Amino acid sequence: MHVVDISALYSPDGGGIRTYTHRKLEVAEQHGVRLTVVVPGADDAVRHVGRARLISLRSPRFPLDRNYFYFANDRIIHAVLDKEQPDFIECSSPWGSAAAVAEWPGTAPRSLFMHAEPLSAWVYRYLDGLLPRHAIDRGFDWFWRYLRRLDARYDQVISAAPSLSKRLRDGGLTKIVDNALGVDPGVFSPANRDEMLRARLLAQCSLPPEATLLIGVGRHSPEKQWPMVIAGVTAASYGRPLGLIILGDGHARASVARAVGENPHIQLIAPVRDRAEFARILASADMMVHGAPAETFGIACAEARASGLPLIVPDEGAAYDQLAPGLGLAFRSLDAASLAGVVAQAIPQIPALRSAAMAAAPTARTIDAHFAQLFAGYAAVLSSRRAA
């Protein structure tokens with residue numbers, strides 16, 4: 001089965017989708033899949049991973065984030081599909097590339113993978129508190145109509161989180177397939193904890209080893225809500241030794257740095273590409289704090305769970321889906337004061353929370369289980385189509 005993935009959200013400097021795509025290229029052949037991932041990029045290039053390929057097409061840079069690119073027009077997508085003649089097509093973005101894939105005249109079945117959910121990421125972020133959700137959805141019904149049109153033309157719409165699936169079904173989509181993501185197998189574990197590394201990270205925050213170390217992971221972009229997280233953690237640190245390390249970078253770095261200001265107890269660190277080193281850093285913290293209520297899965301939270309870390313997350317979205325009972329606490333979404341109170345409440349509970357989180361860590365779903373389910377589903381659709 002030749003699967004072509006039109007992946008408009010991929011960036012070589014990205015985070016979750018980049019990690020996801022590279023693992024997908026590595027395991028596809030194990031499932032009898034010849035995978036071709038097509039992405040917009042700085043230059044025309046082809047990278048081979050066994051029989052799988054990552055094809056980069058020279059494209060314009062996205063003006064709001066120079067790390068990303070976009071397909072200039074539908075003809076480019078149609079041309080590559082004409083050339084590749086896939087058995088199955090996956091589209092990894094609900095934006096223009098999804099319409100282009102839907103309109104390609106070939107007969108291959110196709111799925112839309114909701115790696116992004118724009119209403120939660122952008123519209124709700126600006127209008128929540130000003131208008132109720134039902135009023136916002138009414139005002140943006142054009143977008144829901146667009147998604148319903150895509151739903152009618154695709155064989156599947158893949159959702160990686162229960163909260164997103166519910167929103168899509170409530171919005172009138174009928175072809176939702178639930179398939180949670182997962183963590184890289186054999187990488188994340190509480191056994192990676194390194195007390196000397198923890199002490200060095202706290203020293204970087206100008207704090208002694210007996211202080212509490214929080215960690216945040218994610219790119220510097222508005223939907224990640226880092227300034228809100230920084231404000232909440234700063235407020236919680238009054239009267240208690242509390243450090244925060246944020247691993248990430250991105251086009252909003254200046255605003256994140258401004259939020260940190262002169263606070264020596266909060267440090268911004270570039271993304272760590274070495275997965276083993278990243279897993280050591282993660283396991284060596286005391287808790288993960290996450291601010292984004294608009295995640296489509298929350299891979300950083302899943303990796304933290306697999307590392308035995310308790311979670312502090314907003315009370316909505318896919319990050320909240322990751323919060324199992326007894327493994328952390330939730331704060332009121334987008335509310336720095338609520339976050340401060342929850343952090344202060346969590347610190348005395350860290351021994352009990354960490355004990356529960358470490359016991360639950362081995363049960364974390366792996367990304368390989370996700371891919372097994374994904375490719376089996378594609379094969380079933382293709383088999384059904386051929387039988388018909």
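Helices and strands here are DSSP runs, numbered from the N terminus, with at least four residues for a helix and at least two for a strand. Keep that in mind for Leu 334, which sits in the loop between strand S14 (328-331) and helix H14 (336-346). We'll come back to that loop in a moment. One thing to know before we start: this is a predicted model.

Let's begin with the whole chain. How many helices and strands does the chain have? There are 16 helices and 14 strands. Measuring along the principal axes, the C-alpha atoms take up a box of roughly 65 × 45 × 40 Å. A compact globule of 388 residues would have a radius of gyration near 21 Å, and the chain agrees with that, since its own value is 21 Å. Of those 388 residues, 55% count as buried. Now look at who touches whom: among contacts in the chain with a separation of 6 or more, 63% are between residues 24 or more positions apart.

Now for a pair of helices. Find helix H1 (residues 16-27) and helix H16 (residues 367-387), whose axes are 11 Å apart and which pack at an angle of about 65 degrees. Their crossing is right-handed. On the H1 side, the residues that meet H16 are Tyr 20, Arg 23, Lys 24 and Val 27. Facing them from H16 are Ile 367, Asp 368, His 370, Phe 371, Leu 374 and Phe 375. Sorted by class, this contact has six nonpolar residues, one polar residue and three charged residues.

Helix H9 (residues 226-236) is a good one to visit next. Is H9 largely enclosed or largely open? Eight of its eleven residues are buried, so H9 is largely enclosed by the rest of the structure. The buried ones are Trp 226, Met 228, Val 229, Ile 230, Gly 232, Val 233, Thr 234 and Ala 236.

Next, move to helix H7 (residues 162-170), where you'll find Ser 165. With a relative accessible area of 1%, Ser 165 is buried. If you skip its neighbours within four places in sequence, Ser 165 is in contact with Ser 159, Ile 176 and Asp 178. Follow the chain into the loop between H7 and strand S8 (176-178), and you reach Thr 174. Is Thr 174 buried or exposed? Thr 174 has a relative accessible area of 63%, so this residue is exposed. Thr 174 and Val 157 are 17 residues apart in sequence, and their C-alpha atoms are 8.5 Å apart in space.

Strand S4 (residues 52-58) gives us another residue to explore, Arg 53. You might wonder whether an arginine could be tucked away; which label does Arg 53 get, buried or exposed? Arg 53 counts as buried because its relative accessibility is 18%, and the cut-off for buried is under 20%. Not counting residues up to four places away in sequence, Arg 53 touches a list of residues that includes His 2, Leu 25, Arg 34, Thr 36, Val 46, His 48 and Glu 84. Tyr 146 makes a different kind of landmark: 93 residues separate Arg 53 from Tyr 146 in sequence, and their C-alpha atoms are 31 Å apart in space.What about cysteines? A disulfide is a covalent bond between the sulfur atoms of two cysteines. The structure holds zero disulfides. Cys 205 is in no disulfide, and the nearest cysteine sulfur, that of Cys 301, is 19 Å away. Why is there no bond for Cys 301? The closest cysteine sulfur, in Cys 205, is 19 Å from the sulfur of Cys 301, which is too far for a bond. Cys 205 counts as buried, at 0% relative accessibility. Cys 301 counts as buried too, at 1% relative accessibility.

Finally, let's look at two loop residues and their backbone angles. Ser 206 is in the loop between helix H8 (195-204) and strand S9 (212-217). Its phi is near 60 degrees, a positive value in a residue other than glycine. At 46% relative accessibility, Ser 206 counts as partly exposed. That brings us back to Leu 334, in the loop between S14 and H14. The phi of Leu 334 is positive as well, near 65 degrees, and this residue is not a glycine either. Leu 334 is partly exposed, with a relative accessible area of 31%.

Key: Residues numbered from 1 in each chain as written. Predicted model: local features only at pLDDT ≥ 70, side-chain atom pairs only at ≥ 80, totals over all residues. Heavy atoms only, no water. Disulfide = S-S within 2.5 Å. Buried < 20%, exposed > 50% of the residue type's maximum accessible area, 1.4 Å probe, protein only. Axes fitted to C-alpha atoms, helices over the stretch in contact; angles between N-to-C directions. Left-handed = near helix turned anticlockwise from the far one by under 90°. Contact = heavy atoms within 4.5 Å. Nonpolar A, V, L, I, M, F, W, Y, C, P; charged D, E, K, R; others polar. Rg over C-alpha atoms; globule rule 2.2 N^0.38 Å.
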